[in-house]
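Thanks for coming. I will show one structure today and go through its sheet, its helices and a few of its charged pairs.

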Amino acid sequence: MAAVYLYDYKGMKNMNRVLLVDDEAMLLDSLEIILTFNNMEIAGKAHDGNEALELLKNISCDIALVDLNMKGMGGIELIRHMKELYPKIKILVLTTFYDDKNITDAISNGADGYLLKDSGKDAILGAIAQIMGGVTVLDQKVMQRLTSLFAGNMASGGSANTASDMQDGTGEAQDYSKNEIYGEFTLREKEIAGLMVEGLSNKQIADRLYISEGTVKNYISNIYDKTGIHDRVKLVVALKG
């Protein structure tokens, strides 16, 4: 399953230092080979959260790929500790689980991305590149679960993580309604926004509309500017609301 939106990882200029955290030795070795052959340096490998924290006392890294279900300290607790102790390190969750609790716990504790282990090599490499560029990356299945969860919160009158809690580029709270948001869009922007809500990636949107991926990115940039929401997850939640 492809991630929600990724760009060409082959264009990365800097060698990122990566920490791998998973209790499956074979997966650790496979990831090490893949990443090493794609201009990345393995800073360390750990089999649980405790081992990862010990490693971080003596090594530096740019991003950590973290499993959630591990013996000893699990991924959620590790994410929380890492964001408190090493806030500059990016964290990509790489797991087989995409239930509501794991997704919300990981993201609320500071995960910068969430992929499933069956995403494939290109999706993982692309996600690392995107996250290092400052963008949150979610697997399509995870995005669908997350937007469904938020939509359910809004329908039940929940106040947390709803469209009315979205913030603009200045950090000020904004009150949005679905009609107000779509009312500012051109016909093409409405079309692209609808496909974003469906969970399609930029490439999938481009293929569906027979336009270039760069053109899709330009339209999405316009949508960000018009809504004042510059985070894809928050935007999709607001659009779906």
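I start in the sheet, where Val93 stands opposite Tyr114 in β5. Before going further: this is a predicted model. Val93 and Tyr114 are one position in a parallel pairing, with β4 and β5 joined over 4 bridges. To get from β4 to β5, the chain passes through helix α4, residues 100-108, and this β-α-β crossover is right-handed.

Stay with β5 for a moment. Gly113 and Leu115 point one way from the strand, and Tyr114 and Leu116 point the other way. That fits the general pattern, since in a regular strand the side chains alternate between the two faces of the sheet. Are these four residues of β5 buried or exposed? Gly113, Tyr114, Leu115 and Leu116 are all buried.

On to β6. Strands β5 and β6 run parallel and are joined by 2 bridges. Tyr114 has its bridge partner in β6 at Leu138. The chain crosses from β5 through α5 to β6, and this β-α-β crossover is left-handed. So the crossover through α4 is right-handed, whereas the one through α5 is left-handed.

Now the sheet as a whole. It is open, with 6 strands in the order β2-β1-β3-β4-β5-β6, and the pairing is parallel. Which strands stand at the edges? They are β2, residues 40-46, and β6, residues 137-138; each has a single partner strand, so one side of each is left without a neighbour in the sheet.

Being at the edge does not leave β2 open to solvent along its length: 5 of its 7 residues are buried, so β2 is largely enclosed by the rest of the structure. Its partner is β1, and 6 bridges join the two in the parallel sense. Within that pairing, Arg17 stands opposite Glu41 in β2. The connection is a right-handed β-α-β unit made of β1, α1 and β2.

Towards the middle of the order, β1, residues 16-21, pairs with β3, residues 63-66, in the parallel sense over 4 bridges. Val21 of that pairing stands opposite Val66 in β3. Helix α2, residues 49-56, packs on the sheet and touches β1 and β2; its direction makes about 125° with that of β2.

Helix α5, residues 121-132, also packs on the sheet, touching β1, β2, β3, β4, β5 and β6. The direction of α5 makes about 155° with that of β4. How many residues of α5 are buried? The count is 9 of 12, so α5 is largely enclosed by the rest of the structure. Among the buried ones are Ala123, Ile124, Leu125 and Gly126. From its first C-alpha to its last, α5 reaches 17 Å, close to the 16 Å expected at 1.5 Å a residue. Just after α5, Gly134 takes a positive phi of about 95°.

Last topic, the charged pairs. A search of the whole structure finds 12 salt bridges. I will take three.

The first joins the side chains of Lys117 and Asp22, at 2.9 Å from N to O. Lys117 lies in the loop between β5 and α5, and Asp22 in the loop between β1 and α1, so the pair ties together parts that are 95 residues apart in sequence. Lys117 counts as partly exposed, at 21% relative accessibility. Asp22 is buried, with a relative accessible area of 3%.

The second joins Glu24 and Lys117, with the closest N and O atoms 3.3 Å apart. Glu24 sits in the loop between β1 and α1 and Lys117 in the loop between β5 and α5, so this pair ties together parts 93 residues apart in sequence. Glu24 is partly exposed, with a relative accessible area of 41%. Which residues make up the network of salt bridges that includes Lys117? They are Asp22, Glu24, Asp67 and Lys117.

The third is between the side chains of Arg188 and Glu191, at 2.9 Å from N to O. Here the two residues are 3 apart in helix α8, residues 187-197, which means they are separated by about one helical turn. Arg188 is partly exposed at 27% relative accessibility, and Glu191 is partly exposed with a relative accessible area of 38%.

That is what I have to show.

Definitions and conventions
Residues numbered from 1 in each chain as written. Predicted model: local features only at pLDDT ≥ 70, side-chain atom pairs only at ≥ 80, totals over all residues. Heavy atoms only, no water. Pairing = 2+ DSSP bridges. Contact = heavy atoms within 4.5 Å. Axes fitted to C-alpha atoms, helices over the stretch in contact; angles between N-to-C directions. Expected span 1.5 Å × (residues − 1). Buried < 20%, exposed > 50% of the residue type's maximum accessible area, 1.4 Å probe, protein only. Right-handed = clockwise from strand over helix to strand, strands pointing away. Salt bridge = Lys/Arg side-chain N within 4 Å of Asp/Glu carboxyl O.
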